[in-house]
Amino acid sequence: MGTLGRRAPRLPAGARAMSTAGSPTSVALEPNIRRPKAPRMTSVRCRASTSGGGPGQTVAIVGRGRVGLAIGRMCERLDMEHVFMTRGEASFPPHGPIYVATHASDLDDVLALVPNDRRKDLVLLQGGLLRDDWLRHRGLNRSCAATQVALYMSAKGDGTVRDGGGATCACGPRAGDVSELLTKGGNVRCVVVDEAAFRVASVCKLVWTSAFWLLCRSLCASPGDAMTVGEVVDSDEGERAVRELACELLDCVEAAGELSAGDENENENGNGDSPLSSREAVLRGIFEYSRSIPSSVPSAEMALKEVGFRNGWFLARRSAESPQERHADHLRRIGLDPDALV
């Protein structure tokens, strides 16, 4: 398979335990693996300014992981007033976007703290992980839409970022604020798109997110180690494995009605020649994104924490016509039981 990339941590003990009889049995729509206690929020002010997503507004950031810190760094560069919401007690700023940069599995706890009249200010950075059924059950679909962002970038622990090929897009009431912040504050190209275009971009990211943490490990010669994203896509075996697994997952997406093969992203003229209007174009986007962040090693710990939003979402939709045999095989290679994830 070629020279291995940088060594990634071995799968946590919890990952191996999931293939035993004591594994969780239902994580498809609302994952509940070792569910954390609801966070108590307090605000930590970072910089004062007269702007923050607009005059008189303050950017609120929930989560201080790599993406949350990156959003904070972008605000600093643009001299935007912003606060990090951390453990403790306080209310959200009265005006301005609320960037939620937490694991998808923590979102229910965060949403419980956001007043109903502020939900239109939510900016959900979980990209393709939030599907229609999940949003609908939380009142965040068309009738009370939050802004969603499909992030195509990599972020480091110090908050620095690298653009992932210019494919980042945002859809919703705060999409313009997001585009300005990412483009001007982080040199990450972000375009505002409509619902149809976002659906395609989010599907592409969902497939990528579900496939690459797995392939980086299942294709590795040494159990417990991991290859980089670049090493996977730049080898014949890896490129073939990516294409086969992605097509299998896209079959599931189309069968679930999340992406229609005939009209997934028609442009204003109705001729459907958007860059992501065909399956082959979606696959091309997956490879282009991968090659734009070649040194990245997707986190297995994060993937397992969000497994119900990622691989579990696909596995719950297996059928006789679409058994997802390759998907299941890659999971078994790294010691996980596919049935235990559903």
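Contacts far apart in sequence are the place to start: residues 24 or more positions apart account for 71% of the contacts in the protein with a separation of 6 or more. A contact means heavy atoms within 4.5 Å. This is a predicted model, in which local features need pLDDT of at least 70 and side-chain atom pairs count only at pLDDT 80 or more, while totals for chains, interfaces and linings use all residues. Residues are numbered from 1 along each chain as its sequence is written, and side-chain values use heavy atoms, with hydrogens and water left out.

**Whole chain**

Show the whole protein and colour by secondary structure. There are 12 helices and 10 strands; these are DSSP runs numbered from the N terminus, helices being H or I over at least four residues and strands E over at least two. Of the 342 residues, 55% count as buried (buried is under 20% relative accessible area, exposed over 50%, partly exposed in between, with a 1.4 Å probe and protein chains only).

Next, colour by pLDDT, the predictor's confidence in each residue, from 0 to 100. The protein averages 81, and 77% of the residues score at least 70. Select residues 1-44: pLDDT stays under 50 here, and the model has 115 contacts beyond four places in sequence for this stretch. Residues 47-52 are also below 50, with 23 contacts beyond near neighbours in sequence. Where pLDDT is low, the predicted coordinates should not be read in detail.

**Helix α6 and its partners**

Select helix α6, residues 195-218, and then helix α8, residues 236-255. They pack at an angle of about 135°, with their axes 10 Å apart. Axes are lines fitted to C-alpha atoms, for helices over the stretch in contact, and angles run from 0 to 180 degrees between N-to-C directions. α6 and α8 are therefore oblique to each other (under 35 degrees counts as roughly parallel, over 145 as roughly antiparallel, 65 to 115 as roughly perpendicular, and the rest as oblique). Their crossing is right-handed; a crossing is right-handed if the near helix is turned clockwise from the far one by less than a right angle, and left-handed if anticlockwise.

Show the side chains between these two helices. On the α6 side are Val203, Val207, Ser210, Ala211, Phe212 and Leu215, which meet Ala241, Val242, Leu245, Ala246, Leu249, Leu250 and Val253 in α8. By class, the contact of α6 with α8 holds 12 nonpolar residues, one polar and no charged. Here Ala, Val, Leu, Ile, Met, Phe, Trp, Tyr, Cys and Pro count as nonpolar, Asp, Glu, Lys and Arg as charged, and the others, Gly among them, as polar.

Keep α6 and add helix α9, residues 279-292. The axes of α6 and α9 come within 10 Å and cross at roughly 60°, so the two helices are oblique to each other. This crossing is right-handed. From α6, the contact uses Val200, Cys204, Lys205, Val207, Trp208 and Phe212; from α9, it uses Val282, Gly285, Ile286, Tyr289 and Ser290. Eight of these residues are nonpolar, two polar and one charged.

Now swap α9 for helix α12, residues 325-333. α6 and α12 pack at an angle of about 55°, with their axes 9 Å apart, and are therefore oblique. The crossing of α6 and α12 is left-handed. Trp213, Leu214, Leu215 and Ser218 of α6 make the contact with His327, His330, Leu331 and Arg333 of α12. Four of the residues are nonpolar, three polar and one charged.

From Trp213, go to Glu301: the two are 88 residues apart in sequence and 9.6 Å apart in space, C-alpha to C-alpha. Glu301 lies in helix α10, residues 300-305, and counts as exposed at 60% relative accessibility.

**Two loop residues**

Most residues other than glycine have a negative phi. Select Gln324, in the loop between α11 (311-315) and α12. Its phi is positive, near 55°, and Gln324 counts as buried at 1% relative accessibility.

Then select Asn187, in the loop between α5 (175-186) and β10 (190-192). Asn187 has a positive phi of about 55°. At 66% relative accessibility, Asn187 counts as exposed.

**Leu182**

Finish in helix α5, with Leu182. Leu182 is buried, with a relative accessible area of 0%. Beyond residues up to four places away in sequence, Leu182 touches Ile71, Met74, Leu151, Thr168, Asn187, Val188 and Cys190. Cys75 is 107 residues from Leu182 in sequence and 9.2 Å away in space, C-alpha to C-alpha.
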